[in-house]
Amino acid sequence: MSTIDRKTFMKLLWRHRKTGSLSRRDFMGLTGLGTASAVLAANMPGLLASRRAHAADLGDRVVLATWPNYHDPQNFETFAELTGVSSQVNVFGSNEEMLAKLQAGGSGWDVFVPTNYTITTYVDLDLIEPLDLSKLPNFVPDAYDSRFTEPGTVNGTVYAVPKNWGTTGYVVNSAKVTDNPTTWKAFWDLTMGPASGRTMVHDYQLTTIGNALKYYGYSFNSVDPKELADAEELLLKAKPHLFAINSDYQPSMRSGDAWMSMCWTGDGSQLHRDMPEMVYVLGREGGEIWSDFYAIPKGAEHPEAAYALINYLLDPEVNAREVMVHGYPSADSRTNDLLPEEMLNDPIMYPAAELLDPLEFGAATTLTDPLRAEILARFKAA
Amino acid sequence: MAKAQQSDGSRSVVTAMLLLPTTLWFLLLLVLPLVVILVFSLGERGPAGGYQPAFTLAQYANLPARLKAFTNTLTLAPLGTVLCLLFAYPLAYFLGVRASARAKPLLLALVVVPFWTSFLIRTYAWIFILGGRGIPALLAQFGLDDVRLINTPFAVLVGIVYGYLPLMVFPIYVSLEKLDKRLLEASADLGASPLRSFLQVTLPMSLPGIVTGCLLVFILLMGEYLIPAILGGGKVFFVGNALVDLFLQSRNWPFGSAVAVALVVIMLLAVTGYLYFASRGRRREDVSVI
């Protein structure tokens, strides 16, 4: 069996994620010895003779904790070619998961991607490094829409710089679900009705509980015990009708196993780009608007490489390539200047004002509220 | 005499030194963490998650909130063990009794081959086989529409049998391989049918392998996390998954510790009971233990 290099492996993996299926040849390549050697090569660089001279002060690797379908893999390749630093990308399903890893210690991350509402908690718990902006010349605050940069600054100190922003709605395969839903009420009713067994929700308490709260018209951020009890009742009632509880829903949507899923902007863009029947819906009752950030955890092993990676990804040209692939809107006007007109007019990326207005930014309390955490855990264990 | 005493003494020193690493390992990596978990299980969740010292049994009182995870584990783990046994026995029998000496090394190697690939990737592959474009699509060709396999207990059982089969095959194979063929000839000479020979000679002789294999598979299954997470879609939940959630999502270490302690207790009871009945059964058969 022949071995495959990392680039080919990523391409194959990418293709299979997109189509949800594999050709026999790809399957052999992905599952056989090819994988073993690719994984070995990626994790044990010492085993292979270094192919290029490394920039001495950056080291040879950087570990990034991020979200599914959130980057242009090619950018990491280019970064490795430019700096000799290879990026190890870890994907997570929720901010709680990220927080738990950092609280437990020894995460091994150099860069992570927290969402707006979590940053104050990271600061309180002393888990996040203040940023030395002199090492991030590509971060030019004036170029950004301030709504999406402000949460990165706590008590006057910048802890995080903006990656991109987005919304949380749901994606519908309109070839299978023909009801044209426009509300969260319709999402849950369809789940417990015609789309039974075909709906996915995030493995993420902020959005799954928040969007269940919207069914009753409560605030997305509610921590009121009575309102949360209503939300839990809905979740438990809907659970037998769900296809899965998973924040990585693209493969199942693409394969047709799932017809409807809670969905972030970029996944909506990516699905719609490849399959026009995939429709992204923002519940008219509201829901979440958010912005994600790049940050460096306390005790990062490769801080210099972390700064280099963040600065590289903030470069407007690099960022524009990211946006073209992940389909989340950028708050950076320099990046937007480089994007094609049709992307800037895309209703998935830039929803109409009347849909944006009722959306709420996540509140810090939702992250630490013990009841919310327990409700999601109970819902999953039910 | 003095010489003999001296050599006895040095022998016990050597024994102690040889056992030292194991003892340290045992104390540091098993007993100590267990003590930590016990202490944590009596505490409270910190304001931002984690552990906060306290002395309360509230966590144990809250255990019923994870009842479904326990019942799932306690039905699917034994069921998976039995299924593994049913699938593994014929294979082990063929390998140990029937396969030619020339083919045996190759066949044994084939049983091991799956271990060359990551368990994660092999389990992931079942998503495609059991997903809408896999077996259900095939069944649709024969008019069986809308068969859903993925994210069901069935899918989890398939993953269990697939993943754990070799662990059951090997112990049974080893006990069958030692089977003295002359016993079977004697049994046949005395007029026993092949079935009777199997039930009264082969099966009892392979019992130690069955006991070991079942124990191995069952204990690992009780702590299983990966297969339900991947093939259960977050819907078929094991205690292992509940633990991951409590530690890695809701950051409720005390409750997670209480769930872990409960799992350890249940497992100890189950394994002790199993070994007790297994040894009694074997004694009744009056077959010497290998």
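**Confidence first**

I looked up the confidence of chain A and found a mean pLDDT of 88, with 85% of its residues at 70 or more; pLDDT is the predictor's confidence in each residue, from 0 to 100. One stretch stood out to me: residues 16-55 of chain A have pLDDT below 50, and beyond near neighbours in sequence the stretch has 58 contacts in the model. A contact here is a pair of residues whose C-beta atoms, placed from the backbone, lie within 7 Å.

A note to self on conventions: this is a predicted model, in which local features need pLDDT of at least 70 and side-chain atom pairs count only at pLDDT 80 or more, while totals for chains, interfaces and linings use all residues. Residues are numbered from 1 along each chain as its sequence is written, and chains are lettered from A and ligands numbered from 1 in the order in which they are written.

**Chain A overall**

I tallied 18 helices and 12 strands in chain A. Helices (H or I, at least four residues) and strands (E, at least two) are DSSP runs, numbered from the N terminus. Of its 382 residues, 49% are buried, a label that needs 20 or more other C-beta atoms within 10 Å of the residue's own; 12 or fewer make it exposed, anything in between partly exposed, and C-beta atoms are placed from the backbone. Looking at contacts between residues at least 6 apart in sequence, I found that 77% join residues at least 24 apart.

**Strand 9 of chain A**

Which strands pair with strand 9? Strand 6 (residues 160-173) does so in the antiparallel sense over five bridges, and strand 7 (residues 199-201) runs parallel to strand 9 and is joined to it by two bridges. Pairing requires that DSSP finds at least two bridges between the strands. I noted Val172(A) opposite Met260(A) and Met200(A) opposite Ser261(A). Strand 9 (residues 260-264) has five of its five residues buried, so it is largely enclosed by the rest of the structure.

**Where chain A touches chain B**

I counted 36 residues of chain A in contact with 33 residues of chain B. On the chain A side, the elements giving two or more residues are helix 3 (33-43), helix 5 (95-104), strand 8 (242-245) and helix 18 (370-381). Which of them gives the most? Helix 18 does, with eight residues. The chain A side divides into 15 nonpolar, 13 polar and eight charged residues. In that scheme Ala, Val, Leu, Ile, Met, Phe, Trp, Tyr, Cys and Pro are nonpolar, Asp, Glu, Lys and Arg are charged, and the others, Gly among them, are polar.

**Helix 18 of chain A, checked further**

Nine of the 12 residues of helix 18 are buried, so the helix is largely enclosed by the rest of the structure. Among them I found Arg372(A), Glu374(A), Phe379(A) and Lys380(A). I also checked its length: at 1.5 Å a residue the helix should span 16 Å, and its end C-alpha atoms are 16 Å apart, which agrees. The expected span is 1.5 Å times one less than the number of residues.

**Chain B**

I found 12 helices and two strands in chain B, and both strands follow the opening helix in the pattern α-β-β-α-α-α-α-α-α-α-α-α-α-α. Its radius of gyration is 24 Å, whereas a compact globule of 290 residues would have one near 19 Å; the radius is taken over C-alpha atoms, and the globule rule is 2.2 Å times the number of residues to the power 0.38. Along its principal axes the C-alpha trace spans about 85 × 75 × 35 Å. Buried residues make up 32% of chain B. Helix 11 (residues 239-248) of chain B is mostly covered, with eight of its 10 residues buried, including Leu243(B), Asp245(B) and Phe247(B).

Methods. Contact = placed C-beta atoms within 7 Å.
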